[in-house]
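Here's a quick tour of one pocket and some ring contacts. Have the viewer open and follow along.

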Amino acid sequence: MKKFFHLLICCLPLFLHAQTTRTVRDFFDKNTVGEIRLTLPVANWNEALDSLRIYGEGMLLGSVIIDGVSYEGIGVRFRGNQSYQTGLKRNPLHIKLNYTDKSLQHQGCASVKLSPALRDPSMVREVLFHEIAAQYMPSPRASYTKLFVNNEYIGVFVNLESVEGQFLRNHFGSDDGPLFKAGVDYKPENIPADCRQNIFGSLEYEENVDCYRQNFEIKSDRGWLPLQELTRILNKEITKIESILDVDRALWMLALNNVMVNLSSYSGARSVNYYLYQDAHGRFQPIHWDLNLAFGSLKNTGQGSDLDLRSLQRLDPLLHANNPLKPLASQLLNDPLYRKIYLAHVRQINNEFFANGEYEKRAKALQALIVVPYNDDKYKQYSMEEFQNSLKVTTGARSRIPGIVELMSKRSAFLKTHPDLTALPSNISDIGVQGRAKFEAQPITAFRISCKADRYPKRVFIYYRFQAGQPFRNALMTEDVSANLPAGTKAFSISIDAPSSDAVLEYYLMSENAGTVQFSPSNYVQAPYKVKLADLNR
């Protein structure tokens with residue numbers, strides 16, 4: 001007996017330590033379903049939130065437990081524009097953790113944004129789109145969580161990373177720049193009479209800066225002038241656009257919207273549901289938002305009536321390229337090189353996720369993760385049968401929401417053979433960086449990069465920077481006309497001075513021929529080439 005008590009006393013500290021160091025679930029873990037428990041001070045809480053949503057901008061005070069971690073003094077309100085509906089408990093929610101205590105946050109997140117996935121019987125549109133988009137540009141994280149309010153199960157929701165503090169710092173290095181969201185929840189008062197009407201977030205230029213208030217929400221305290229200057233340059237001085245816009249990311253945004261038929265976006269009738277953040281280098285960065293209507297759930301491009309399934313499957317990859325009312329598309333795609341880059345992005349997204357069927361595998365895995373909590377949801381808008389069939393067949397007699405596979409299998413085949421997407425690129429090969437010769441006394445002070453490109457390249461660009469997070473600069477590489485190479489193949493090189501002896505160069509290459517462009521590495525967004533000057537001097 002003494003031995004037993006001795007063992008118990010020895011093990012007790014370890015037991016207590018195990019209890020106090022319980023691992024908290026990663027807030028955006030994609031392999032598990034989280035749990036959020038709200039406590040609000042009124043029984044008819046949804047009516048109270050309806051009133052706040054319709055008549056004001058305040059929040060309902062309450063408390064919340066997120067995956068077992070408690071927070072007091074939080075604010076809650078219904079959010080959303082087209083996705084919000086009065087009288088429902090299953091509405092988009094904004095939970096402001098730092099509503100009364102500015103220091104409160106959950107794993108770096110001061111706000112929680114929950115989406116009920118309106119008009120998405122599959123429940124995977126937002127999560128799948130964000131996962132794919134994140135391979136090519138900054139995109140909010142998205143996962144699933146069960147929501148309880150006053151101990152009542154409201155259903156499984158999509159948990160979206162809020163476009164603010166932590167997100168902006170992680171992707172752009174700071175969060176104190178101008179931030180705007182296309183689309184307004186409330187029509188502002190005292191809009192000047194000379195403002196353009198029904199242009200939404202199309203980025204048309206307005207002489208009166210107050211006009212922007214009717215189409216954008218400002219999310220910072222930096223004023224409206226930066227947004228006005230972006231639209232001025234976009235519409236009136238397009239040759240200067242790279243000084244104020246990350247053009248490549250804008251082209252990625254347009255390409256992602258087009259491939260995945262996301263018309264509740266800049267590419268649709270109303271040009272809404274995206275953010276613009278001006279980073280520390282003065283360039284606006286586009287960010288997707290509210291993707292529950294992607295994959296053809298919303299069907300209007302602003303040109304005519306709603307599209308039928310076949311028209312969605314065959315949506316023009318150059319949608320709005322000649323539409324002056326959509327200057328982000330028409331002004332950029334009017335430039336021959338930008339157009340080639342955009343089409344190369346369309347081709348890459350299609351090849352990497354849709355032509356090979358990867359999207360379908362991922363969609364099925366996401367549905368399998370949430371099938372039990374979805375079945376338990378008494379407020380769900382679609383039956384279990386509709387949920388289970390939603391990838392393959394159209395849902396709804398009136399809404400006619402396409403099955404994601406039903407839509408994308410034929411859309412992918414359409415894009416694969418589209419004349420604007422079939423040009424063969426100039427493949428880049430034999431990339432080399434010259435190091436110091438074996439018995440050379442003097443260290444080298446520049447990066448000399450060479451490569452070859454086939455299929456009759458017109459030119460090869462290098463995009464480079466010396467510090468992660470800095471914008472890439474670009475330069476034309478010089479053709480080596482003396483190289484003895486097969487017909488159609490050319491050699492190129494360039495020398496880039498190093499700013500210091502310990503410089504690190506990040507770079508990627510882009511070849512251009514008469515028909516298209518090609519990047520090397522193809523995943524340059526995630527992993528550009530990297531070389532250290534010190535390694536070249538060894």
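## The second largest pocket

Helix H6 is the top contributor to the lining of the second largest pocket, giving 5 residues. Keep in mind that what you're looking at is a predicted model. The space inside this pocket comes to about 880 Å³, and 38 residues line it. If you want to find the middle, go to Asp246, Asp248, Arg249, Arg283 and Phe472, which lie nearest the centre.

H6 spans 247-259, and the other elements that put two or more residues into the lining are helix H4 (165-172), helix H9 (336-354), strand S14 (459-465) and strand S18 (504-512). As for chemistry, the lining splits into 22 nonpolar, 9 polar and 7 charged residues.

## Aromatic pairs

How many aromatic pairs are there? The count comes to 24. One of them is Phe216 with Tyr274, an edge-to-face pair with 6.5 Å from centre to centre and 85 degrees between the planes. Phe216 sits in strand S9 (residues 216-218) and Tyr274 in strand S10 (residues 274-278), so this contact ties together parts that are 58 residues apart in sequence. Are these two rings' residues buried or exposed? Phe216 is buried, at a relative accessible area of 4%, and Tyr274 counts as buried too, at 2%.

Now for Tyr374 and Phe387: their ring centres are 4.4 Å apart and their planes make an angle of 20 degrees, so this pair is stacked, the cut-off being under 30 degrees. Tyr374 belongs to helix H10 (residues 358-375) and Phe387 to helix H11 (residues 384-389), so here the tie is between parts 13 residues apart in sequence. Both Tyr374 and Phe387 are buried.

## A cluster of rings

Some rings gather in a group: Phe461, Tyr463, Phe472, Tyr508, Phe519 and Tyr524 make up one aromatic cluster. You've met Phe472 already, as one of the residues nearest the centre of the second largest pocket.

## Charges over rings

Which ring does the charged end of Arg37 sit over? That of Phe148, with the charged end 3.9 Å from the ring centre.

Tyr374 turns up again here. The charged end of Lys380 sits over the ring of Tyr374, 5.9 Å from its centre, and Tyr374 is also half of the stacked pair with Phe387.

Key:
Residues numbered from 1 in each chain as written. Predicted model: local features only at pLDDT ≥ 70, side-chain atom pairs only at ≥ 80, totals over all residues. Heavy atoms only, no water. 1 Å grid on protein atoms, 1.4 Å probe; cavity = no way out; pocket = protein on both sides within 12 Å on 5 of 7 lines; lining within 4 Å. Points joined across faces, edges and corners; volume = space filled by probe spheres on them. Helix = DSSP H or I, 4+ residues; strand = E, 2+ residues; numbered from the N terminus. Nonpolar A, V, L, I, M, F, W, Y, C, P; charged D, E, K, R; others polar. Phe/Tyr/Trp six-rings, centres within 6.5 Å; stacked < 30°, edge-to-face > 60°. Buried < 20%, exposed > 50% of the residue type's maximum accessible area, 1.4 Å probe, protein only. Lys NZ or Arg CZ within 6 Å of the ring centre and 35° of its normal.
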